[in-house]
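Look at how the parts of this model meet. Start between the chains, then turn to the domains within one of them.

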Amino acid sequence: MATVAVSPTYAGTESGEHTGLWSWLTTVDHKRIGVLYLYTSLFFFLFGGLEAVIIRAQLMGPNKTLVSAEMFNQLFTMHGTTMVFLAIMPLSAAFFNFLIPLQIGARDVAFPRLNAFSYWVYLFGGLFITLPIFFNAAPDGGWFGYAPLTTRQFSPGLHIDFWVLGIQILGISSLAAAFNFITTIVNMRAPGMNLMRMPMFTWMSFVVQFLVVLAFPVITIALFFLQFDRFFGTNFYEIGAGGDPLLWQHLFWIFGHPEVYILILPAFGLVSEVLPTNSKKPLFGYPVMVYSGILIGFLGFGVWAHHMFSVGMGPIADTVFGLTTLLIGIPTGVKIFNWIFTMWGGSIRFTTAMKFAIGLVALFTIGGISGVSHAAPPADLQQTDTYYIVAHFHYVLFGGSIMGIFAGIYHYFPKMFGRMMSEKLGNWHFWLNFIAMNLTFFPMHFSGLLGMPRRIYTYDAGQGWDTFNLISSIGAFMLVLSTAIFVWNFFRSKTHGAPAPDNPWDAATLEWSIPSPPPEYNFAEIPLVESRYPLWDLTHPERTSEIPHTHEGWGDQEKAADAKPVHIERDRRSAKELGIPMPTPTIKPLFVAAGIIVMLSGLIFIHKDNKTAAFSLIAIGAAMIIGFIYAWVTTPLEPEH
Amino acid sequence: MSASPALDHIEAGPHGHHYTTTGLDSRKIAVWAFIGSECMLFASLISTYLIYKGRSVVGPFPHEPCSPPVCATALKPILNIPVTSASTFVLLMSSLAMVLALAAVENRNLPKYTLGDRILGSSKLWLWMTCILGATFLGFQSYEFTSFVHEGLSIRTNLFGSSFFTLTGFHGAHVTVGVIWLGTLLAIDYKRGLEPGDAINVDIAALYWHFVDVVWIAIFTLVYLIK
């Protein structure tokens, strides 16, 4: 039966409600939650981009007065915080949510309500940390909030309180999601899907969840220390009491460095899906790609003090961290080579997704090269706190993460929404984006090495920086145009795009074996997996003949899971028809998330010396949290069957 | 509640469980992941305590006395090892009670012949014991905190005060959450009884409880015992 999806069909409720605000507020379907993450994070991406554009307008020429120094501090702080925590991480989460269950042959994640909870906490936390800029109270201590600058003494006012509490809230969201996805990937794979048969995106996401679990608690403690210093007068960052001026930096970067691998690995995973599909070849060196991903995650915990080469840690610490930083370039470089060898000898199809994926390979390499130059402490002493560093991380985050995410969006849009994006507009988006990105960030290598410091709101003429800044700003305005084309393409294609077939890219993995968009139950029959490229086994067996195919891992699971050999499903039925019980939608996760925001907002009032408001909000918030958690855990996930 | 609700439709396997890749309940795996994050949480707290050891500018100090001019009046070392050893013992015994509570739930339907069998097999008794011992530990902690404040050590006094109260306070908060969790299980046991099918819920509470106990052993050793 042909399925032409005219409008997206997301998981319905028992009553058959498919649309309407309530169905979105109560959804526990991973596909819908993924779409919610996608919309919200794209919005924050635009907002963070706006902050960047204002920064670039201010820095377009010397001695401009577009914004004050104080507002400039808020702008660069919020640009960084927004892009890291509210844009890139949740864009990755959109893919974790939508894709992981589909790629492993599952019907949902392990804990669907916890999944919804993670999203609502992200949304409310994002609003909590973003809205203050409209009251001139936005965080202004940099996205890394160094203490003692951010202690009460040097940062009176509410700016840093919003930052500290906001990041804590967002940490809750990420941690809950990490527990969910680790359990999902460990415990809910289809029979035969052993770890070395998982798609690369799922593998990279798996590594990322472990990074989240191990890194976020460290920043949680760093933030608690700062909170306690600011609210309760403790001494963690008080130099006068003997506090170590470096404590914050160590704790922050023990989190912060794994964080940047959290930002890049999902994009790597997406590229590893797009490149083989559009080269009509299996990924080159799949096991090495897995091991290098794991090694990057592991080594990522051993390099943090390369952010601190200028603080005077001493020659031994500097040397050790310089060495480990050089070392971590190796597994990363290995991936670049494997992607190139994947394309070599393949039959390349230049879809928009493919262009962005190749763009990542090129631009991330440039960012990696400047990264290697920072690894040597003596070199870094000149580079640190200059625009040379800004150039590096924008190449790896924009040229890397964002390009990879765009590749993922163009590649998976048909599966998510049942429509094709416009390749013509995609082409314009890609080329404008590629040129503009390089125009914006390449000159920063030069202005940085010529001494232009970071985080300055203006500069005098005649230091050799003027032209470079002008070019960067022109590039930034071009980025606005290219992003506008993308946004137009995205929304127009949702309603007017050509209906998408189930497997428009002739790809190999399980998510392409079901209709676009997938029905609420994902798979009518759970597949039995016998290789890494289950669909190519059916459609292009000559491509995968060299890869081992076994029935290893089937065993009793075949019967226990009531699974059938890999097959293509074109029918769109309802879960009820098929007798598949679906989780009941519920508003409770949203209210627990709201309770958290209410409670932490109360803490802000302590700082305004309004004890009544503070304690009432804390009490109401706590009551909401406890009450709705109680209701949540005592309600079964699915109706009795 | 089932092992992995999203795969519920699948035929039950020989044990009556629903299908999972590992054969384990998903909640158990989630709790282990959660415990992993808690390890890093307490590692950060403990590391900070150790980094700040001996660096307080003013007293009171944990293991040394404090004499003028550093302190206004002469102060004894403030930690009370014998008393804290007793509370540590109490917490360790609570882990024993937890093990017995889990065993009692799992073996609920086995016949009980002797008085000893009935004592060991009473899930209510052992859940009560775990809660009471945990609450006793918390009682010791609040006694210790208030006596320290009376002796001139608050969370704001010096680096030792800040790092000590934050570390042990976080631990105490975790114990409190555990006591409430166990109290809830106890309430369910009174209301409808905990069947062997509920053992998974007691099991994950037990995992959390033992973890909190292990953290205390680390804290007791590094803060109290090592000078």
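This is a predicted model. Begin where the two chains meet. On one side, chain B puts 37 residues in contact with chain A. On the other side, chain A answers with 45 residues.

Which elements of chain B each supply at least two residues to the side that touches chain A? They are α1 (26–51) and α5 (159–191) of chain B. The largest share comes from α1(B), with 13 residues. Next, sort this side of chain B by class. It has 18 nonpolar residues and 15 polar ones. Four charged residues complete the side of chain B that touches chain A.

Now move inside chain A. Chain A is divided into domain 1 (25–521), domain 2 (527–578) and domain 3 (592–641). Take domain 1 and domain 3 of chain A. Their C-alpha centres lie 30 Å apart. These two domains are also in contact: 13 residues come from domain 1 of chain A and 12 residues from domain 3 of chain A.

Follow the domain 1 side of that contact. Two or more residues each come from α4 (112–130) and α5 (159–187) of chain A. Here α4(A) gives the largest share, seven residues.

How many nonpolar, polar and charged residues does the side of domain 1 of chain A that touches domain 3 of chain A have? There are 11 nonpolar and two charged residues, and no polar ones. Set this beside the side of chain B that touches chain A, which has 15 polar residues.

Technical notes
Residues numbered from 1 in each chain as written. Chains lettered and ligands numbered in written order. Predicted model: local features only at pLDDT ≥ 70, side-chain atom pairs only at ≥ 80, totals over all residues. Contact = placed C-beta atoms within 7 Å. Helix = DSSP H or I, 4+ residues; strand = E, 2+ residues; numbered from the N terminus. Nonpolar A, V, L, I, M, F, W, Y, C, P; charged D, E, K, R; others polar. Domains from an automatic or database assignment.
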